[in-house]
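Ready to look at a protein together? Let's take some terms one at a time and see how each is earned.

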Amino acid sequence: MFIGVNSPYLQMEVRREHVIRDALFQLEGKTKHDLKKQLRITFVGEEGIDEGGIQKEFFQIILKNIFDPTHGMFKVNPDSRLCWFVKGGEKDELVYEEYTLIGRLIAIAVYNGIVLDLNFPLALYKKLLHYPVELCDLKEYDELLGDGLEKLLNFEGNVEEVFQRTFQIEYENQFGERQTFDLRPNGDTIPVTNENREVFVDLFVEFYLNKSIEAQFSAFREGFDSVLGGSAVQLFRPEELEELICGSPDLDFDALEKVTQYDGFEPDSTQIK
């Protein structure tokens with residue numbers, strides 16, 4: 001029932017062992033109108049009506065697979081436990097299709113009122129809303145790296161002699177290999193000094209949060225915007241968009257108590273206290 005052109009639902013039938021592949025195939029070619037329909041999920045070979053629980057399970061399986069470090073799309077910082085896009089690497093069409101898929105699915109979850117357990121820094125939501133990213137955003141993801149750059153900025157001695165850095169930096173690609181990148185042409189010949197250290201830090205943050213993941217994030221945003229692009233979401237602040245997607249981590253029990261209605265008890269009843 002309702003399967004076809006005029007279905008009021010975004011109906012997806014997926015196999016548990018191939019959930020990413022099936023989701024990619026079934027969402028391909030869908031219009032923005034189709035993607036904004038109410039989501040209905042069916043697992044092949046399983047009976048059950050999707051009243052919300054199956055949706056949540058579907059997203060849990062997708063996120064577990066996509067964000068698994070062995071999948072090679074996102075890297076988890078061991079200290080902050082936050083995820084970020086892997087850097088660089090040769091263009092793999094299937095991988096970029098999966099970045100588009102996860103962006104699209106996150107937006108579909110928002111449209112269906114499904115809260116997701118995502119561990120991104122605020123930088124992701126800033127980028128989705130076209131806000132500039134800063135050193136504080138890098139520090140949220142990698143506090144050790146951010147602290148090092150702050151020390152460089154605030155050091156009162158001779159930066160060139162003590163830090164011995166140039167405008168050529170090293171980073172780790174998706175294969176765990178060390179690669180170099182010149183923040184300026186012939187960066188390995190340009191020392192970082194007291195005079196140019198702010199430029200160095202700005203270029204470093206720009207590389208880390210923007211340039212090195214440009215293709216990956218563009219694919220992710222394409223998927224997100226295919227559902228929510230041009231909507232009222234664009235009026236949100238980054239913090240509000242994060243809360244919309246992930247829910248609020250802080251429960252205000254005082255506010256909850258004020259609106260609680262007691263059936264057969266009083267606020268000072270022993271059972272309540």
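Q: What share of the residues in this protein count as buried, and what makes a residue buried?
A: This is a predicted model, and of its 273 residues, 40% count as buried. The word applies to a residue with under 20% relative accessible area.

Q: How many helices and strands does the protein have?
A: There are 12 helices and 6 strands. Among contacts between residues at least 6 apart in sequence, 68% join residues at least 24 apart.

Q: Why is His 130 called exposed?
A: His 130 has a relative accessible area of 56%, and exposed means over 50%, so His 130 is exposed. You can find His 130 in the loop between helix 5 (122–128) and helix 6 (135–141).

Q: What makes the phi of His 130 worth a look?
A: Most residues other than glycine have a negative phi. His 130 is not a glycine, and its phi is positive, near 65°.

Q: Which word fits Asn 186, buried or exposed, and how do you know?
A: The relative accessible area of Asn 186 is 53%. The cut-off for exposed is over 50%, so Asn 186 is exposed. Asn 186 also has a positive phi, about 55°, although it is not a glycine. Its place is the loop between strand 6 and helix 9.

Q: What else sits in the loop between strand 6 (178–182) and helix 9 (197–209), and what does it touch?
A: Ile 190 is in that loop. Beyond its neighbours within four places in sequence, Ile 190 is in contact with Arg 165, Thr 166, Phe 167, Arg 184, Pro 185 and Asn 196. Ile 190 and Arg 165 are 25 residues apart in sequence, and their C-alpha atoms are 8.6 Å apart in space.

Q: How do you know that the span of helix 3 is close to the expected one?
A: Helix 3 (residues 53–66) has 14 residues, and at 1.5 Å a residue the expected span is 20 Å. From first C-alpha to last, helix 3 reaches 20 Å.

Q: Which residues of helix 3 are buried, and what covers them?
A: The buried ones are Ile 54, Gln 55, Phe 58, Phe 59, Ile 61, Ile 62, Leu 63 and Ile 66. Their cover includes strand 1 (9–14), helix 1 (19–27), strand 2 (38–43), strand 3 (74–76) and helix 4 (93–111).

Q: Why is helix 4 called mostly covered?
A: Of the 19 residues in helix 4, 14 are buried. Buried means under 20% relative accessible area, so helix 4 is mostly covered.

Q: What does helix 4 do for the largest nonpolar core?
A: That core has 76 residues, and Phe 58, Phe 74 and Phe 200 touch the most other members. Helix 4 gives the most to this core, with 10 residues. Leaving out residues up to four places away in sequence, the residues Phe 74 touches include Tyr 99 and Ile 102.

Q: How do helix 4 and helix 10 (residues 214–228) pack?
A: Their axes are 7 Å apart, at an angle of about 35°. The crossing is right-handed. Among the residues making the contact are Tyr 96 and Tyr 99 of helix 4, and Ala 215 and Phe 220 of helix 10. The residues of this contact divide into 14 nonpolar, 5 polar and 1 charged.

How values were computed: Residues are numbered from 1 along each chain as its sequence is written. This is a predicted model: local features need pLDDT of at least 70, side-chain atom pairs count only at pLDDT 80 or more; totals for chains, interfaces and linings use all residues. Side-chain values use heavy atoms; hydrogens and water are left out. Helices (H or I, at least four residues) and strands (E, at least two) are DSSP runs, numbered from the N terminus. The expected span of a helix is 1.5 Å times one less than its number of residues. Buried means under 20% relative accessible area, exposed over 50%, partly exposed in between (1.4 Å probe, protein chains only). Contact means heavy atoms within 4.5 Å. Axes are lines fitted to C-alpha atoms, for helices over the stretch in contact, and angles run from 0 to 180 degrees between N-to-C directions. A crossing is left-handed if the near helix is turned anticlockwise from the far one by less than a right angle, and right-handed if clockwise. Ala, Val, Leu, Ile, Met, Phe, Trp, Tyr, Cys and Pro count as nonpolar, Asp, Glu, Lys and Arg as charged, and the others, Gly among them, as polar. A nonpolar core is a set of buried Ala, Val, Leu, Ile, Met, Phe, Trp, Tyr and Cys residues joined through side-chain atoms within 4.5 Å.
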